[in-house]
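Dear colleague,

I am handing over the structure we spoke about, with the sequence alongside. Please look through it first, and then read the notes below, which go through what was found.

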Amino acid sequence: MNDTVLSEGVSTTALMITAMRAIETHRPDGLVRDPYAEHFVRHARSGVAMPTRIENVEGGDAHPVWGRLGAYCSLRTRVFDDAVLASATPQVVLLGAGMDTRALRLGLPESVRVFEIDRADVLAFKAEVLVSVGAKADVRVDRLVVDLADAWDVALLDAGFSVDLPTTWIAEGVLPYLPRAVEERVLGQVDKLSAPGSHIGYEVVLGQETSEFRDHELYSGTGEAIGSHLPSLLDDSARPDSAGALRTLGWEIDERPVADHTARYGRGPDPSVDDPIRMSRWALGRKTR
């Protein structure tokens, strides 16, 4: 049905996150309900068949990728979903949107405008699948093909983004892939484009430059599970202090470990397990000036 083929590498990881949302959707106590996720997985022309139910995974929840890493990604999606809903801004920008369907599944008011920024193959595939299942958002969605290392801010402004309106920015699972300088530039551009009252949600992965992180089974097993070796796609430099930089620009940033969110929602990766997830932080913030 689809003419678009997802590129190997980062685009494949977008499909992995989608498969994890599909798995979570089929759980009776799932944190996320995404009826479109399974369609993306089933229509993808991928060399590796990804699961859409945990019952189809050997080892089930004990599987390091589809079990524990899946619990991490599903909780992350719910945390950022709730951040979008709580912020109630007239504009939402998804940086590295992947196959996320917040514009369809969150029940946003019709007055909200959503901008999705990602690679050409990801957005083309996404559009094809959504059309094939008759999905239609109640809000306006602008999908912008531009790399975050390029002039994405110009593309955003050209598409009608308003710097005078508060915006919710979500960078879910994207900053760890960017070189340190690009992450700093992206967040600097976010600040320049943000009116007071804007919100942000992003991920901080500490230690991703170390061999202990890259060799851990949580990530090393992704080569077999999804066909792309996740650690080799992540930037190999220590992450910048993005929270500190944003605070100096007038943002209130609340950066918390994943365990805090597991405790809040009663679901997620077990905080007692000693693995790289314990080093990750999710940051939520608001621009006050």
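Please keep in mind that this is a predicted model. I begin with a pair of helices, α3 (residues 64-87) and α13 (residues 258-265), whose axes come within 11 Å and cross at roughly 75°. An angle from 65 to 115 degrees counts as roughly perpendicular, so α3 is roughly perpendicular to α13. On the side of α3 the contact is made by Tyr72, Leu75, Arg78, Val79 and Asp82, which meet Val258, His261, Thr262 and Tyr265 of α13. By residue class, this contact of α3 with α13 divides into 5 nonpolar, 2 polar and 2 charged residues.

The sheet comes next. It is an open sheet of 7 strands with mixed pairing, and the order of the strands is β3-β2-β1-β4-β5-β7-β6. Its edges are formed by β3 (140-145) and β6 (251-257), each of which pairs on one side only. On average, and with direction ignored, neighbouring strands of this sheet are turned by 15° against each other.

At the β6 edge, the pairing of β6 with β7 (residues 280-287) is antiparallel and runs over 7 bridges; within it, Asp254 has Leu284 in β7 as its bridge partner. Helix α13, already met as the partner of α3, also packs on the sheet here, where α13 touches β6 and β7 and its direction makes about 80° with that of β6. Towards the other edge, helix α5 (residues 120-132) lies across β2 (113-118) and β3, and α5 runs at about 145° to β3.

One residue deserves a separate look, namely Ala88, which sits in the loop between α3 and β1 (91-95). Although Ala88 is not a glycine, it has a positive phi of about 50°. Most residues other than glycine have a negative phi. Is Ala88 buried or exposed? Its relative accessible area is 63%, and because the cut-off for exposed is over 50%, Ala88 counts as exposed.

Finally, there is helix α7 (residues 180-193), which has 14 residues and reaches 20 Å from its first C-alpha to its last, close to the 20 Å expected at 1.5 Å a residue. Which residues of α7 are buried? They are Val182, Glu183, Val186, Leu187, Gln189, Val190, Asp191 and Leu193, and you may wish to note that Glu183 and Asp191 are among them.

With best regards

Terms used
Residues are numbered from 1 along each chain as its sequence is written. This is a predicted model: local features need pLDDT of at least 70, side-chain atom pairs count only at pLDDT 80 or more; totals for chains, interfaces and linings use all residues. Side-chain values use heavy atoms; hydrogens and water are left out. Axes are lines fitted to C-alpha atoms, for helices over the stretch in contact, and angles run from 0 to 180 degrees between N-to-C directions. Helices (H or I, at least four residues) and strands (E, at least two) are DSSP runs, numbered from the N terminus. Angles under 35 degrees count as roughly parallel, over 145 as roughly antiparallel, 65 to 115 as roughly perpendicular and the rest as oblique. Contact means heavy atoms within 4.5 Å. Ala, Val, Leu, Ile, Met, Phe, Trp, Tyr, Cys and Pro count as nonpolar, Asp, Glu, Lys and Arg as charged, and the others, Gly among them, as polar. Two strands pair if DSSP finds at least two bridges between them. Buried means under 20% relative accessible area, exposed over 50%, partly exposed in between (1.4 Å probe, protein chains only). The expected span of a helix is 1.5 Å times one less than its number of residues.
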